[in-house]
Amino acid sequence: MGCILWSSRLVCSAHQMYMQPLLKLVRNEETSFFWTIKKDAINYHNLHCDQMLNHYAKTGSFTTKIGLCLNLRNLPWYVPANPNTFFPRCYGICMDDEKHDFIEDFRNTAACSILKWVISLNACDKKTQKSKGKINKEDVGQKKDPVDSDEKEIKQLPGKLIDMACQVCETYLGQMEHEDIDTAMDASAVLSEEEWKDLIEQYYCLIHEGAVICSARNYITQCQKILSKIMSTNPQQDIDGNHNIWIIKPGAKSRGREIVCKNRLDDILKLVEATDQFPVKDHKWVVQKYIETPLLIYDTKFDIRQWFLVTDWNPLTIWFYKESYLRFSTQRFSLDNLDSSIHLCNNSIQKHYKNAADRNPLLPWHNMWTSTKFQEYLQKRGRGNMWRNVIYPSMKKAITYTMRMAQESVEARKSSFELYGADFILGEDFKPWLIEINTSPTMFPSTPVTAELCAQVQEDTIKLVTEKKRDKNWDTGKFELLWRQPLLDLPPFNVTDLFVEGVGIKRSRQKAAPITNFNFLDTLARIPQTTEYAAPNHEKQGESIGTVNNKQNIKMKIEKAIFCTLPKPLKRPPGKSCKVRDAHVKSTGHIDFPSLVLQPTQSITEMKHVQYINKAKGITDSSFHRVNQTASTFQNMNPLDWPLLQPSKISGLQNSNKKIPCLVCGDTFQLEKTCKHCSSFCATVLQGSSYLPMNDCSTPEKKVTSNKITVHSNVFPENI
């Protein structure tokens, strides 16, 4: 036997009297369905997996005003959408960074309002001309009393105010277009603090006190160009208006408690300051831009309460209720009076006020309409398609975006569900703006509208969450599926279980001794214009060089020269990759190297002399220039003769059994074997038409075959 624990505002004292006997019968039964107002009433950790609860944990990211304010900015990370297109900009004013951003936003909005005031002069001129014409006809022949004239009381402001406002708006436009991305933070200050103070004070006089600017008409074209650019980049420019009104809310309270509207910067900052009496205000207040151009019905402001239901967070499943209701204020709309009875449509606030005597009699006495009634109102005025094409789909989109943003922060429990109430305000263009999302929306039958709709939405909610597991074709009432996300494969570990694993780099056991006194200057820089290399001193062709120590200097005798061409760059064989392999020893295959041309060496002075002569004759030798550049890199090294093996007459290497010197440690070793002391190979071995470059870190393995040398090393790429 199942039991339902019901705790709702719908249960009155009379119902509780009749339910007492029923509660005694089921007091020993295990509850299978919980519906509570407060989340803390039941510890969901102690519930079984099949016990249902109408709450989720950790939903403060979107059900509190401060959570929605701060977290909705992260929407572009989850959905390719801009939150400024459906959520009025908001700041956590008790935080230092947020407070600075709000002050900058307030100032920029004031500057834009000055430009809007200038543009509005065109419309005002037409109205004033008509009114002046009527007054002149009535007052013909009458003298005007100077005492009754208001011209002396009107304060005149300088045209410099418009110049400063245009400068601020142009900088603000550059920030929205990210033109200041490479600009220092200090350089972004357009005006000094004194200039800002003067601008804000003059703005108050212009907008709130009726001051004028005599030369304002000269700036109409300039202001129109700037404002048109701002409106194309700022999606909230239409709702800003001219009065710069902001609404201040406590970060985590509901039912309109302590919500006020202000239009002066000093009043807003003083309101949220922490004092000795109220020290807990920090990090709890938000400031949101007030929509100054709302859609009005019979000159009265209203908002929309829209229900939606979340039955699962993975996969995210959202149900949208087809019926909603409108809440009207008791007073006529006006921006000159910031009283809560005019601007806050919450029923918990409006129930304390009486309907104004000058209200339109077509408005309901209980200040509520159903969405069906609202559609009929739009249909009579030729705007019936606005609900179907603009309002209804835009509200769906805003709720979907917000839930997808909050999906990661909510603690998803499979047997839970939750009904939320979202508040929207329509702009003059019928575009809905999300104001806040409430958990545990009120179900009290305060009016005939809520008495009908609240009971219906609760019944449809219970049907949907209890019967969906039994029957796929269950009755969902007026709920329609808004979003069902594919099932996400979550990682089988927590974030705290993540770790980093890597492999260390192994160093070679034996290191080659560094060459500190090796110099290519004596050999490379002596190459003449024909790019010819000098042959070393050999008494007989084919005889190898004897042992050479790094402290000895071998005299080079220019006796014979053997001519060969420079090595040409190797071409990549077909089907081979150009990726360099720096792993273990791998064979690079057979590589053919062209022969070199060797000539007697020349001194550096001779080479410079030849180069100077060629320059005088207009002859340039790129080969010499390249060799000279190569030689110049070794000018700081100690000189050491570079012994080269004499090319053999027969292809291949000759006298391989004889020992040759090691250019690293000075010891001798056989040609086909490495040095026993330093495990290194010769720097460069020239023999016949082939040579073998040096590898200073590993021991190459070679195989002599005809004119080809097969090299195994980890420094050669597969293709050069």
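Which residues in helix 4 meet which residues in helix 7? From helix 4 come F106, R107, N108, A110, S113, I114 and W117; from helix 7 come E193, W196, L199, I200, Y203, Y204, L206 and I207. Contact here means heavy atoms within 4.5 Å. Helices (H or I, at least four residues) and strands (E, at least two) are DSSP runs, numbered from the N terminus.

This is a predicted model: local features need pLDDT of at least 70, side-chain atom pairs count only at pLDDT 80 or more, and totals for chains, interfaces and linings use all residues. Residues are numbered from 1 along each chain as its sequence is written, and side-chain values use heavy atoms, with hydrogens and water left out.

Begin with the whole chain. It has 18 helices and 23 strands. Of its 720 residues, 43% are buried. Buried means under 20% relative accessible area, exposed over 50%, and partly exposed in between (1.4 Å probe, protein chains only). Among contacts with a separation of 6 or more, 72% link residues 24 or more positions apart. The chain exposes about 41800 Å², and carbon and sulfur atoms supply 51% of that area. Accessible areas come from the Shrake-Rupley method with a 1.4 Å probe; for residues, only the protein chains shown count as cover.

Next, confidence. pLDDT is the predictor's confidence in each residue, from 0 to 100. Its mean over the chain is 74, and 57% of the residues reach 70 or more. In residues 135-151 the pLDDT is below 50, and this stretch has 0 contacts in the model beyond near neighbours in sequence. In residues 619-656 the pLDDT is also below 50, but that stretch has 86 contacts in the model beyond near neighbours in sequence.

Now return to the helices. The axes of helix 4 (residues 96-119) and helix 7 come within 10 Å and cross at roughly 45 degrees. That makes helix 4 oblique to helix 7. Axes are lines fitted to C-alpha atoms, for helices over the stretch in contact, and angles run from 0 to 180 degrees between N-to-C directions. Angles under 35 degrees count as roughly parallel, over 145 as roughly antiparallel, 65 to 115 as roughly perpendicular and the rest as oblique. The crossing of helix 4 and helix 7 is left-handed. A crossing is left-handed if the near helix is turned anticlockwise from the far one by less than a right angle, and right-handed if clockwise.

Helix 7 (residues 193-207) also meets helix 6 (residues 160-176). Their axes come within 11 Å and cross at roughly 115 degrees. Helix 6 and helix 7 are therefore roughly perpendicular to each other. Helix 6 passes helix 7 in a left-handed crossing. L161, M164, A165 and V168 of helix 6 make the contact with E195, W196, L199 and Q202 of helix 7. W196 and L199 of helix 7 also appear in the contact with helix 4.

Several loops deserve a stop. V410 lies in the loop between helix 14 (385-406) and strand 14 (418-426). V410 is buried, with a relative accessible area of 8%. Leaving out residues up to four places away in sequence, V410 touches Y56, A57, K58, T59, F62 and W313. F62 is 348 residues from V410 along the chain, yet their C-alpha atoms are separated by 9.7 Å.

Past strand 14, D429 sits in the loop that leads to strand 15 (432-439). D429 is partly exposed, at 45% relative accessible area. From D429 to M386 the C-alpha distance is 9.4 Å, across 43 residues of sequence. K38 occupies the loop between strand 2 (33-35) and strand 3 (52-53). At 63% relative accessibility, K38 is exposed. K38 and H55 are 17 residues apart in sequence and 8.7 Å apart in space, C-alpha to C-alpha.

Finally, look at the backbone. Most residues other than glycine have a negative phi, and most peptide bonds are trans. N314 and P315 are joined by a cis peptide bond, with omega about 5 degrees. P315 falls in the loop between strand 10 (302-313) and strand 11 (316-321). Y298, not a glycine, has a positive phi of about 55 degrees. Y298 is in the loop between strand 9 (285-289) and strand 10. N367 has a positive phi too, near 65 degrees. Its loop runs between helix 12 (347-350) and strand 13 (368-370). N367 counts as buried, at 9% relative accessibility.
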